Amino acid sequence: MTETTLEAPRMAFDGARVTPSLLSALGDDALLGLQASLAETRRLIDADSAIVAAEVDRRSSRELGYDGLAQKRGARTPEALVQQVTGLSLSESRKLVRVGTLLTQHTLASPTLPWLADCAAAVARGHLSLDAAEAIRTGVGEPAEHVTADQLAGLVTRLVIEAAQVSVERLAARARELRDELDEQGVADREQQRRDRRFLSLTLLADGMTRITGLLDPESAAIITGAIDAATSPRRGGPRFVDSDEAERAERLLADPRTTPQLALDSLVELVRIATLADSAKVLGKARVAVRVHVAERDLRRGLGLARIEGQPDAASVATAERYGCEAGFVPVMFDDDGQVINVGRDQRLYTNRQRIGLAARDGGCRFPGCDRPPSWTEAHHIKSWHHGGQTDLDNGVLLCRHHHLLVHNNGWRIDCEGTTMWVTPPPQPDGVVARIPMPPKYQVLR
């Protein structure tokens, strides 16, 4: 078996406009190859545009006053001038200036951000998008008391390699994850920084409607997201229901004339209205919204390390885990024979709630490459079918969202594992190449 990654062959792009007639003549591989070539061309153009934006910024420096380029052209800031010239949003223009400054300063003998050298080089070659570069820059942060520039440079090199296989959103989460693992002592400070940014604003509009805007820190998001997911999951491809009452409720939601966003808002309003007096079975089904926090016992003992709020990509502090332990108590999740046994072998086909907790702690959500569904949206899949002798055990289970669960069962995809390392293999391709795609967990298991 040949092991490789899925990558469409690239086509030379001669600058001709793409037309429907051109595309209709292309096979599937050629079509994806053209898309890849266009994407690389765009990344190169974006890199050039960023360097130009950085030069606009340099010519508009505050020291030049009204003689600066932006001021002479009637713009308050260089970013506003870039926006005026390019037609991009102000946030996109600011990103052009930031990344362009990064690219420019790395041509100097003594760059101010040396740990980002590999990131800058990848952008300049067209291998990394501006969004990916921003995700890496903000995620790894800057050197600190316990983190050196060389250590950050190692993280950046690793992330640049991983960027080719993951989405920008996953890359951003991965950058923060690696920084947290490297800098345990800074986890609580970064958690507090996110908490300090939280807000909720209600703005009355001229037409009588009210706009809700805000930011949720991971801990708050886990509570709100859990409630909304429980109320709307049947409409959004959530897990299938075995319980007859839950299946009936799902059918009612599917037939509801309201849109899914309307259902989400109405559920939130109803939750606020009835608050703690609610019978949760009437609003969210039988299961109450629960926030699970994963933390290693050794980290609890020493009061330092990483905790995880289930369904959230960012690390929490051990202090947060201790607070949840005081409020709700701890549910131990054991992955070896020294703790409580949560494997049930051939005794039953369905995974138990306790096993689901273990799978959630290990997988972090749907493990299909590129999927961001949290554990609450997943189903437990037997890697070796139960009908063909597979055990209902953790080492034979993996969390998949409904879409990818059906894909594996109905479309010929196969999952293989060696210990906790997993790969998914698509159906045979016309060229005969068999490509195994890694299925990493959403975050490292806490041990």
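**Local environments and sheets in a predicted model**

Ser60 lies in the loop that links α2 (28-59) to α3 (69-72), in what is a predicted model. With a relative accessible area of 12%, Ser60 is buried, since the cut-off for a buried residue is under 20% relative accessible area. The side chain of Ser60 reaches the backbone nitrogen of Ala70 at a distance of 3.0 Å. When neighbours within four places in sequence are left aside, the contacts of Ser60 are with Gly68, Leu69, Ala70 and Pro78, so that Ala70 appears both as a contact of Ser60 and as the residue whose backbone nitrogen the Ser60 side chain reaches.

A second loop residue, His106, is located between α5 (90-105) and α6 (117-124). His106 has a relative accessibility of 19% and therefore counts as buried, the limit for that class being under 20%. Residues up to four places away in sequence not being counted, His106 touches Pro111, Leu113, Pro114, Leu116, Ala117 and Ala120. Of these contacts, Ala120 is 14 residues from His106 in sequence, while the C-alpha atoms of His106 and Ala120 are 7.1 Å apart in space.

These two loops belong to a protein chain that contains 18 helices and 10 strands. Of the 447 residues in the protein chain, 38% are buried. Among contacts in the protein chain with a separation of 6 or more, 57% are between residues 24 or more positions apart. The protein chain has an accessible surface of about 25,700 Å², and carbon and sulfur atoms account for 53% of that surface.

On the surface, a nonpolar patch is formed by Leu200, Leu202, Ile212, Leu265 and Val269, which together have about 510 Å² of accessible area. At least two residues of the nonpolar patch come from β1 (199-204), and at least two come from α13 (260-274). Ile212, another member of the patch, is placed in strand β2 (residues 210-215). The relative accessible area of Ile212 is 48%, and the residue is therefore classed as partly exposed, a class that lies between the buried limit of 20% and the exposed limit of 50%.

Turning to the sheets, strands of a sheet pair through backbone hydrogen bonds, in either a parallel or an antiparallel manner. One open sheet has 3 strands in the order β3-β4-β5, and its pairing is antiparallel. In this sheet β3 (293-295) and β5 (315-316) stand at the edges, and because each has a single partner strand, one side of each is left without a neighbour in the sheet. The antiparallel strands β3 and β4 (residues 307-309) are joined by 3 bridges, and Val295 stands opposite Ala307 of β4.

Another open sheet is formed by 3 strands in the order β8-β9-β10, again with antiparallel pairing. Its edge strands are β8 (414-418) and β10 (437-438), each of which pairs on one side only. Strand β9 (residues 421-425) runs antiparallel to β10, to which it is joined by 2 bridges, and the bridge partner of Trp423 in β10 is Pro438.

Note on methods. Residues numbered from 1 in each chain as written. Predicted model: local features only at pLDDT ≥ 70, side-chain atom pairs only at ≥ 80, totals over all residues. Heavy atoms only, no water. Pairing = 2+ DSSP bridges. Helix = DSSP H or I, 4+ residues; strand = E, 2+ residues; numbered from the N terminus. Patch = residues over 30% accessible without salt bridge, like charges linked within 9 Å, V, L, I, M, F, W, Y side chains within 5 Å. Areas by Shrake-Rupley, 256 points an atom, 1.4 Å probe, with all protein chains shown as cover. Salt bridge = Lys/Arg side-chain N within 4 Å of Asp/Glu carboxyl O. Buried < 20%, exposed > 50% of the residue type's maximum accessible area, 1.4 Å probe, protein only. Contact = heavy atoms within 4.5 Å. Polar contact = N/O pair within 3.5 Å; in protein donor to acceptor, adjacent residues only side chain to side chain.
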